[in-house]
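Hi there,

Here is the structure I promised to pass on to you. Have it open while you read, and my notes on what turned up will follow just below.

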Amino acid sequence: MRVLFAGTPAVAVPSLNALVEAGFQVVAVLTRPDAPIGRKRILTPSPVAARAAELGIEVIHAARIGADTIARISALSPDVAAIVAYGGLVPPAALGVPRHGWINLHFSLLPAWRGAAPVQRAVMAGDDVTGAVTFQLEEGLDTGPVFGTLTETVGPEDTAGELLERLSHSGAVLLTQTLAAVAAGKAVARPQQGDVSLAPKLTLDDGRLDWKKPALALGRQARGVTPEPGAWTVLDGQRVKLEPVRLRPDVAGLAPGSLSVQGRSVLVGTGSHAVELTRIQPAGKKMMAAADWARGMASLESVVFE
């Protein structure tokens, strides 16, 4: 079966690898254009584009799927398009080009967390279980009927990045199985059932910790925005980046945002009990252990995170 693969970030690479290893004919990869990376803003291919180049697969770069891109896809005569975190909408004119349409691997248990940041939103909401589905792409936002489902437990210390890494590999297996069933004429897609929730793309503001919130909510928020856009707070008018915090229900009495050192633990007050900082990156410096940062401060008694 001739497959067009659409994807951009690293979490889509395991699916591309799995399809190739399973013997599908990946006729081309559709991905976002090269993007500036790092302090020097060097134009860099997407992880999917880089892997496709290694595999000798044609790469189609498109920030949006317009008429020219649709024409290129049509010329390839794909039987199906597999899409994993491409990062752009597929217009109605493109949906009908492959004979079997577009099949999306989405990292949530639809209809829960429809949108661009399903894993991040699931972690931030405190979900105990998440997963991935393959579904038929249609005009609505992640509304199409579902072919297959897998579940994944959300651990108490899982970050969104760690959870997404696991799902990228198990999801690659699910996508391969779904396409195999489609090729064999045995695939059955069923309408989504359950409560709908939305997972809009994260912004920088989603990472700012409000220390008046309960510690449990702050812990979930910090894990949900790691690695991107990252958790942060404000100190002396400057943004300070934080890695996920640890809950410390044994420590109470600290005012929200106030800091205290107990042994090698750097604690911050919240709207409930304290949390413990793990690593911190002050403005203009590298990420470091919170204990090392605290030692470099003259005194934490007057330090307050805003």
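Let me start with a small puzzle: does E276 count as buried or exposed? Try to find E276 in the picture before you read on. At 12% relative accessibility, E276 counts as buried, because the cut-off for that word is under 20%. Please keep in mind that this is a predicted model.

**The chain as a whole**

The protein chain has 306 residues, and 49% of them count as buried. Its secondary structure consists of eight helices and 17 strands. Along the principal axes, the C-alpha trace spans about 65 × 45 × 30 Å. If you look at contacts with a separation of 6 or more, 63% of them come from residues 24 or more positions apart.

**Two domains and what joins them**

The chain is divided into domain 1, residues 2-199, and domain 2, residues 204-296. Taken over C-alpha atoms, the centres of these domains are separated by 34 Å. Domain 1 brings 13 residues to the contact and domain 2 brings nine. About 800 Å² is buried between domain 1 and domain 2, and carbon and sulfur atoms give 53% of that area. On the domain 1 side, V123, M124 and T159 lose the most area to domain 2, together 48% of what that side buries.

What about charged pairs between the domains? The count there is one salt bridge. R121 forms a salt bridge with D206, with the closest N and O atoms 3.5 Å apart. The elements giving two or more residues to the side of domain 1 that touches domain 2 are α5 (118-125) and α6. Of these, α5 gives the most, with five residues. Six residue pairs are also found in polar contact across this interface.

**The nonpolar cores**

The largest nonpolar core has 33 residues, and F5, L16, L19, V29, F107, L175 and L179 have the most contacts inside it. Helix α6 (residues 160-183) gives the most to this core, with eight residues. Another core, of 24 residues, lies apart from it, with L202, A231, V266 and A294 among its members.

F107 is a nice residue to click on. Leaving aside neighbours within four places in sequence, F107 is in contact with ten residues you can look up, including V11, V84, P118, L164 and L167.

**A buried helix and the loop beside it**

Now look at helix α7 (residues 215-224). Seven of its ten residues are buried, so α7 is largely enclosed by the rest of the structure. Those buried residues are A215, L218, G219, Q221, A222, R223 and G224. They pack against α5, α6, β10 (231-235), β12 (246-248) and β15.

T270 is found in the loop between β14 and β15, and at 3% relative accessibility it counts as buried. A polar atom of the T270 side chain lies 3.4 Å from the backbone nitrogen of A215, and a polar atom of that side chain lies 3.0 Å from the backbone nitrogen of S272. T270 also touches L218, among other residues.

H273 lies in the loop between β14 (265-268) and β15 (274-276). A polar atom of its side chain lies 3.4 Å from the backbone oxygen of R248. Among the residues that H273 touches are A215, L247 and P249.

**Salt bridges to look up**

Side chains of opposite charge can pair when their charged atoms come close. The structure holds eleven salt bridges, and here are three to try:

- R51 and E54 meet in a salt bridge at 2.9 Å, N to O. Being three residues apart in helix α2 (residues 47-55), they are separated by about one helical turn. R51 is partly exposed, at 25%, whereas E54 is exposed, at 61%.
- D158 and R166 meet at 2.8 Å, N to O. D158 counts as buried at 11% relative accessibility, while R166 counts as partly exposed at 31%.
- R246 forms a salt bridge with E276, the closest N and O atoms being 3.6 Å apart. This pair links distant parts of the chain, with R246 in strand β12 and E276 in strand β15, 30 residues apart. R246 is partly exposed, with a relative accessible area of 45%.

That brings us back to the residue from the opening puzzle: E276 is linked with R246, R248 and D250 in a network of salt bridges.

Enjoy exploring!

Best wishes

How values were computed. Residues numbered from 1 in each chain as written. Predicted model: local features only at pLDDT ≥ 70, side-chain atom pairs only at ≥ 80, totals over all residues. Heavy atoms only, no water. Core = buried A, V, L, I, M, F, W, Y, C linked by side-chain atoms within 4.5 Å. Buried < 20%, exposed > 50% of the residue type's maximum accessible area, 1.4 Å probe, protein only. Helix = DSSP H or I, 4+ residues; strand = E, 2+ residues; numbered from the N terminus. Contact = heavy atoms within 4.5 Å. Domains from an automatic or database assignment. Buried area = accessible area lost by both parts, 1.4 Å probe. Salt bridge = Lys/Arg side-chain N within 4 Å of Asp/Glu carboxyl O. Polar contact = N/O pair within 3.5 Å; in protein donor to acceptor, adjacent residues only side chain to side chain.
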